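This note is offered to a colleague who wishes to read the structure below with some care. The points are arranged from the overall form of the chain to individual side chains.

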Amino acid sequence: MQGQLNNRIAEVGALETKIKSLETILESKSSESTELQNELKRYSDMINSFQANEVDEFAILEEKAILEEEICSLKEQLNCHVAEIKEVETRLVEKAASVEHFENQLNVKNTELLRMQTEYEGKLADLEKKNTELSCKVSEEVRAKNALRSDCDELMTSLQR
């Protein structure tokens with residue numbers, strides 16, 4: 001019995017050692033489990049972050065698409081405005097050429113009018129000179145006529161006497 005008891009004590013000692021070993025393993029496994037749980041939580045957080053980023057990226061891509069459409073629309077409007085401005089510029093250049101041509105015609109007409117004015121002023125001066133000469137002649141004629149009338153009157157008076 002003593003042998004059995006010693007065997008049993010040895011078995012219990014071996015079992016206690018095994019239990020301690022298993023407890024150490026359990027603690028190690030528990031620590032590993034905690035580490036794995038922490039790692040799992042970290043990965044889960046990362047996945048959630050990536051999913052949020054994917055949602056953000058999708059929203060960003062949608063916003064980018066909308067902005068690109070708006071940019072295209074604005075470019076089209078800008079191109080229309082540029083075309084209109086070029087059209088107006090072309091018309092302004094044409095109008096400027098027309099105005100310049102008209103100015104040239106006016107300058108030619110003005111020069112012609114100045115020449116004609118000078119010519120008419122010369123003719124007017126000649127006419128005024130002739131008018132003065134004619135006035136002088138008329139005055140002389142009137143004086144001569146008056147003198148003749150006076151002579152006639154004197155002659156008639158002397159004939160009547």
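The numbered points below describe this predicted model.

1. Overall fold. The chain contains 1 helix and 0 strands. Its radius of gyration is 66 Å, whereas the globule rule gives 15 Å for 161 residues, so the chain is more spread out than a compact globule. Along the principal axes, the C-alpha atoms fill a box of roughly 225 × 25 × 20 Å. The helix in question, helix 1, covers residues 2–160.

2. Burial and surface. What share of the 161 residues is buried? The figure is 0%; a residue is called buried here when its relative accessible area is under 20%. The chain exposes about 15,100 Å², and carbon and sulfur atoms supply 59% of that area.

3. Charge. The chain carries 21 positive and 34 negative side chains. The centres of these two sets lie 11 Å apart. On the surface, Glu-62, Glu-63, Glu-69 and Glu-70 gather in a patch of negative charge. Of this patch, Glu-62 may serve as an example: Glu-62 belongs to helix 1 and is partly exposed, with a relative accessible area of 42%.

4. Salt bridges in general. Side chains of opposite charge can pair when their charged atoms come close. A search of the whole structure finds 7 salt bridges. Points 5 to 7 take up examples from that search.

5. Lys-64 and Glu-68. The side chains of these two residues meet in a salt bridge, with an N to O distance of 4.0 Å. Why are the two partners about one helical turn apart? Lys-64 and Glu-68 are 4 residues apart in helix 1, and this spacing separates them by about one helical turn. Both partners keep part of their surface accessible: Glu-68 is partly exposed at 41% relative accessibility, and Lys-64 is partly exposed at 45%.

6. Glu-87 and Arg-91. A salt bridge joins Arg-91 to Glu-87, and their closest N and O atoms are 3.8 Å apart. The two residues lie in helix 1, 4 residues apart, which is about one turn of the helix. Arg-91 has a relative accessibility of 44% and therefore counts as partly exposed, the class that lies between the buried limit of 20% and the exposed limit of 50%.

7. Glu-112 and Arg-115. These side chains meet in a salt bridge with an N to O distance of 2.4 Å. Both residues lie in helix 1, with a spacing of 3 residues, about one turn of the helix. Glu-112 is partly exposed, with a relative accessible area of 34%, and Arg-115 is likewise partly exposed, at 41%. Which residues do shared partners join into one network? Salt bridges with partners in common link Glu-112, Arg-115, Glu-119 and Lys-123.

8. A nonpolar patch. Tyr-43, Met-46 and Phe-50 form a nonpolar patch on the surface, and together they have about 290 Å² of accessible area. Phe-50 is placed in helix 1. At 48% relative accessibility, Phe-50 counts as partly exposed, because exposed requires a value over 50%.

Key. Residues are numbered from 1 along each chain as its sequence is written. This is a predicted model: local features need pLDDT of at least 70, side-chain atom pairs count only at pLDDT 80 or more; totals for chains, interfaces and linings use all residues. Side-chain values use heavy atoms; hydrogens and water are left out. Buried means under 20% relative accessible area, exposed over 50%, partly exposed in between (1.4 Å probe, protein chains only). Patches are made of residues with over 30% relative accessible area and no salt bridge: like charges are joined within 9 Å, nonpolar side chains (Val, Leu, Ile, Met, Phe, Trp, Tyr) within 5 Å. Accessible areas come from the Shrake-Rupley method with a 1.4 Å probe; for residues, only the protein chains shown count as cover. The radius of gyration is taken over C-alpha atoms; the globule rule is 2.2 Å times the number of residues to the power 0.38. Lys and Arg count as positive and Asp and Glu as negative; His and the chain ends are not counted. The place of a charge is taken as NZ of Lys, CZ of Arg, CG of Asp or CD of Glu.
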